[in-house]
Amino acid sequence: MQISWPNLKKCSMVSGRSALGLAFLFFSFEASLLAATPPTLRTKLVRDLEARRGTQFEKLVQNWQKNHGTQVVAPLLSIASDKTFKDADRYIALMAAAKIGGRATSAPISEYLKDKSWMIRCGALRALRGLRDTPTANLILPLLKDRAMVVRSEAVAAVRDLQPQGASSALAEALSLPENFHAGRALWVPFEAAGALIEMAKAELRAPGAKDISLPASWRVVAKTFITTIEKHKNDARLAERLAAGLDLIIGKAPSAAATLPERLSYWKKSLAQ
């Protein structure tokens, strides 16, 4: 599982827009483990966090796992929930709990998808992506519309890897959201969402040996979104080429290599209408 920091370059880009069962499981999980945990362990973990230097923390997590095993999971989740700590320390505690506790921590960690800190939401997405937990996968979809771009970017990667129900439609919607564009040009998320959809289309529609069948309705929606996005952002040649490559793949046939962009758009629309 990846336990590194979020992409700090993207962290500076924040948009201006703005399960009772899981909650019970979270607190039951934490309480049950804390009951079996020496009261001094949390204090030791806090001291370790305060004494760390630099941005690397993998060695710290390895030491915790070696010396204490899964006994650290509950106090780490307790630290991750404590907003009196720095977000960086909460992030490390969250990622360490996932790394050491494994898939059993998926439900508690999914609660952090709603945290007020973008760093903690990123950490929860990254942890769930690493844990590959199918039951909680659908909970990541709303974060494709998160107010922070870095979180939306992390959500794209999580949706691509976990592919919850409705993944292709949700990624197509994220690709076209106004907050993912600036001055008519795409920022990171549209490129990442397009890349994820192209990767998914290759696996689902164009895998070796796949039968040539009628294009499923969900992929027709994706193709139409690609077309409307190209039309709306015609000045973004880089994005247009990325989406054009995706359309050729999804539709399964391509116009003439000499065709202009308007001619290609007309070709794709006619193909989808058939």
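**Exercise 1: Q163**

Q163 has a relative accessibility of 44%: decide how exposed this residue counts as, then find its place in the chain and its phi.

Solution. Start with the classes. Buried means under 20% relative accessible area, exposed over 50%, and partly exposed lies in between (1.4 Å probe, protein chains only). At 44%, Q163 therefore counts as partly exposed. Next, the place. Q163 sits in the loop between α9 and α10, the latter covering residues 167-176. Helices (H or I, at least four residues) and strands (E, at least two) are DSSP runs, numbered from the N terminus. Last, the backbone. Phi of Q163 is near 45°, a positive value, and the residue is not a glycine. Most residues other than glycine have a negative phi.

A note on the ground rules. This is a predicted model, where local features need pLDDT of at least 70, side-chain atom pairs count only at pLDDT 80 or more, and totals for chains, interfaces and linings use all residues. Residues are numbered from 1 along each chain as its sequence is written, and side-chain values use heavy atoms, with hydrogens and water left out.

**Exercise 2: A183**

Describe the phi, place and exposure of A183.

Solution. Take phi to begin with. A183 is not a glycine, yet its phi is positive, about 55°. Now locate the residue. A183 is in the loop between β1 (181-182) and β2 (185-186). Then read the exposure. A183 counts as exposed because its relative accessibility is 72%.

**Exercise 3: the whole chain**

Give the counts of helices and strands, the buried share and the accessible surface of the chain.

Solution. Count the elements: the chain has 14 helices and two strands. Turn to burial: of its 274 residues, 50% count as buried. Add the surface: the accessible area is about 13,600 Å² (Shrake-Rupley method, 1.4 Å probe; for residues, only the protein chains shown count as cover). Carbon and sulfur atoms hold 54% of that area.

**Exercise 4: salt bridges**

How many salt bridges does a search of the whole structure find? Trace R121, R126 and R129 to their partners.

Solution. Recall the test: a side-chain nitrogen of Lys or Arg within 4 Å of a carboxyl oxygen of Asp or Glu. The search finds 16 salt bridges.

- Step 1. R121 pairs with D146, and their closest N and O atoms are 2.7 Å apart. R121 is in helix α8 (residues 118-131) and D146 in the loop between α8 and α9 (149-162), so the pair ties together parts 25 residues apart in sequence. R121 counts as buried at 3% relative accessibility. D146 is buried too, at 9%.
- Step 2. R126 pairs with E154, at 2.9 Å from N to O. This bridge links distant parts of the chain: E154 is in helix α9 and R126 in helix α8, 28 residues apart. Both E154 and R126 are buried.
- Step 3. R129 pairs with D161, with 2.7 Å between the closest N and O atoms. Here too distant parts are linked: D161 in helix α9 and R129 in helix α8, 32 residues apart. D161 counts as partly exposed, at 22% relative accessibility.
- Step 4. Join the pairs. R126, R129, E154, R160 and D161 are linked in a network of salt bridges.

**Exercise 5: α9 against α11**

Work out how helices α9 and α11 (residues 188-204) are oriented, and which residues make their contact.

Solution. Begin with the axes, which are lines fitted to C-alpha atoms, for helices over the stretch in contact, with angles from 0 to 180 degrees between N-to-C directions. The angle is about 0°, and the axes lie 10 Å apart. Angles under 35 degrees count as roughly parallel, so α9 and α11 are roughly parallel to each other.

Now list the contact (heavy atoms within 4.5 Å). From α9 come M149, R152, S153, V156 and R160; from α11 come W188, V189, E192, A193, A196 and E199. These residues divide into six nonpolar, one polar and four charged. Ala, Val, Leu, Ile, Met, Phe, Trp, Tyr, Cys and Pro count as nonpolar, Asp, Glu, Lys and Arg as charged, and the others, Gly among them, as polar.

**Exercise 6: A193 and P216**

Compile a short profile of A193 and of P216.

Solution. A193 lies in helix α11. A193 is buried, with a relative accessible area of 0%. Leaving out residues up to four places away in sequence, A193 touches V156, L171 and L175. A193 and A174 are 19 residues apart in sequence, and their C-alpha atoms are 7.1 Å apart.

P216 is in the loop between α11 and α12 (217-232). P216 counts as partly exposed, at 26% relative accessibility. Its C-alpha atom is 9.2 Å from that of L205, 11 residues away along the chain.

Terms used
Angles under 35 degrees count as roughly parallel, over 145 as roughly antiparallel, 65 to 115 as roughly perpendicular and the rest as oblique.
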